[in-house]
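User: Please go through this protein with me as a series of questions, with the reasoning set out before each answer.

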Amino acid sequence: MFAIVGGGLAGGRAVERLRELGFDGRLLLFTDEPRLPHERPPLSKQYLRGRLAESRLLLRPAAFYAENAVEVRTSTRVVGLSPGDRALTLADGERLRYDRLLLALGSEPIRPAIPGADLPGVETLRTVEDADRIRQRLRPGAAVLVLGAGFLGSEVAATAREVGCRVHLVEAGQAPLVAFGPEVAEWAANQHRERGVELRTGATVTRFEGTGEVEAAVLADGATIRCQLVVLAVGARPRVQLAQGAGLRVSDGVLVDGACRTSVAEILAAGDIARFPSPGGTTRSEHWDNAQLQGRHAAESMVGPVGDFSTLPYVWTELYGSTLQQLGTWAPARPSLMRGDPASGRFTALQLYGGHLRACVAVNQYPAIKWARRVMESATVLDPDSLDKDGPRVWSEQAPGPLTLRLD
Ligand SMILES: Cc1cc2nc3c(=O)[nH]c(=O)nc-3n(C[C@H](O)[C@H](O)[C@H](O)COP(=O)(O)OP(=O)(O)OC[C@H]3O[C@@H](n4cnc5c(N)ncnc54)[C@H](O)[C@@H]3O)c2cc1C
């Protein structure tokens, strides 16, 4: 029996891949959520705006699991793991033996130790239930404070503004979306401010106040912000407790090799929970693209030998109708090359190391990411001067060839 623990993207993609590969043994997926494997990105976007039905979040309809003999046990928490006798224990005490096990438990939001952070109306966002609670308070005119202006916080602030809330976005750093580099960060800050979000950078909350439920946040500079809803978006941590309890090697994530195997070979891990080898060390990703690719890779590894998992880091986010994409990893202290004008809402920033493209961030520029993937995968050496001077030329399916970046 193959067991998958976790009904998110990595777990969902793993069961699909196992059946695609012809694995015809017993296959069980356990999830402590009350629904089938589903997507999370819409929870801060279309679903939070009320523009997407819950059923549209599912990776696959119920019929898929029935037709493929995948036993999905929803609302079922795995509470124990005994690698010695290859058994897992469910919350109701049931014990099951597995031949291979995939841990795809994802990550959970960090709730900072700020006094009052446990008041009703102070929320984190990971699940459909979280999104439903937040949505109930997102009423036109409602005062909302979002703490943290990374991907999630920026998206929630934008969504709240779009539904007509009064929004304060409080960020300890100097700008929103800093992981996308300074150009995008500045552009994003302008977007928030132009849409009427009160963006406070270099600011921290010292306590939340309220009788019964949250009514205000007090900042370190003494300012008090009235609010009826707080969304904490200050990061997440991998759900490693189960692995830790079983004695698996854990260090900010469950440590795996290139084949997604943990320190116990028949137990694998994938998605947000997994820390895997990468050039120069190990890394962990909390992004959609990684979770789905790694879930599939782990499935392949469960049925036979595989090469090392490797992927170009890719993440996207949305802000007020714009799509921001990043391929590669942005190095904060390095200079970048800009193509296009941020004021136009369509631009690209690139980072090169010794002529190799290492990061590409594109705002509303889909061809640029496609171009960047091609450049990175072929390890093409670029001449930065030519990139600076080049006029707009497009690389497209119709005219493959010159690796010249065109933005329009
Ligand atoms: C609101 C939101 C918006 C996002 N937007 C984007 C985006 O725009 N772009 C992007 O690249 N990424 C985005 N992400 C990140 C992306 O969704 C995650 O990287 C991805 O969901 C990770 O998949 P996963 O399968 O590893 O974990 P998860 O999706 O978290 O799934 C883990 C599953 O395991 C279950 N579980 C945990 N413990 C147990 C247990 N003991 N027993 C049984 N089940 C258990 C959990 O309940 C859950 O169902 C977003 C995330 C969130 C929360």
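The exchange below moves from the overall fold to the ligand and then to single elements.

User: What kind of model is this, and how are its residues numbered?

Analyst: Residues are counted from 1 along each chain as its sequence is written. The model is predicted, and local features need pLDDT of at least 70, side-chain atom pairs count only at pLDDT 80 or more, while totals for chains, interfaces and linings use all residues.

User: What radius of gyration does the protein have, and which value would a compact globule of 408 residues have?

Analyst: The radius is taken over C-alpha atoms, and the globule rule is 2.2 Å times the number of residues to the power 0.38. Along its principal axes the C-alpha trace spans about 65 × 60 × 40 Å. For 408 residues a compact globule would be near 22 Å, and the protein agrees with this at 22 Å.

User: Into which domains is the protein divided?

Analyst: The bounds come from an automatic or database domain assignment. The centres of domain 1 and domain 3, taken over C-alpha atoms, are separated by 33 Å. The division gives domain 1 (2-108 + 236-303), domain 2 (111-232) and domain 3 (321-389).

User: Which domains does the ligand lie between, and why?

Analyst: A residue is near the ligand if its C-beta atom, placed from the backbone, lies within 6 Å of it. The ligand is surrounded by 36 residues, of which the closest are G6, G8, A10, G106 and G271, and the elements giving two or more residues to this shell are helix 1 (9-20), helix 7 (288-303) and strand 22 (314-319). Because both domains contribute residues to the shell, the ligand lies between domain 1 and domain 2.

User: Which residues of helix 5 are buried?

Analyst: Helices (H or I, at least four residues) and strands (E, at least two) are DSSP runs, numbered from the N terminus. Helix 5, residues 182-194, reaches 18 Å from its first C-alpha to its last, close to the 18 Å expected at 1.5 Å a residue, where the expected span is 1.5 Å times one less than the number of residues. A residue is buried if 20 or more other C-beta atoms lie within 10 Å of its own, exposed if 12 or fewer, and partly exposed in between, with C-beta atoms placed from the backbone. By that criterion the buried residues of helix 5 are V184, W187, A188, A189, Q191 and H192.

User: Which strands stand at the edges of the sheet 18-20-21?

Analyst: Two strands pair if DSSP finds at least two bridges between them. Strand 18 (residues 254-255) runs parallel to strand 20 (residues 274-278) over two bridges, whereas strand 20 runs antiparallel to strand 21 (residues 281-284) over four. The three form an open sheet of mixed pairing. Each edge strand has a single partner strand, so one side of each is left without a neighbour in the sheet, and these edge strands are strand 18 and strand 21.

User: Which residue of strand 26 is the bridge partner of Q325?

Analyst: Five of the seven residues of strand 23 (residues 322-328) are buried, so this strand is largely enclosed by the rest of the structure. Strand 23 pairs with strand 22 in the antiparallel sense over six bridges, and there Q325 stands opposite W316. Strand 23 is also joined to strand 26 (residues 356-363) by five bridges, again antiparallel. In strand 26, the partner of Q325 is A362.
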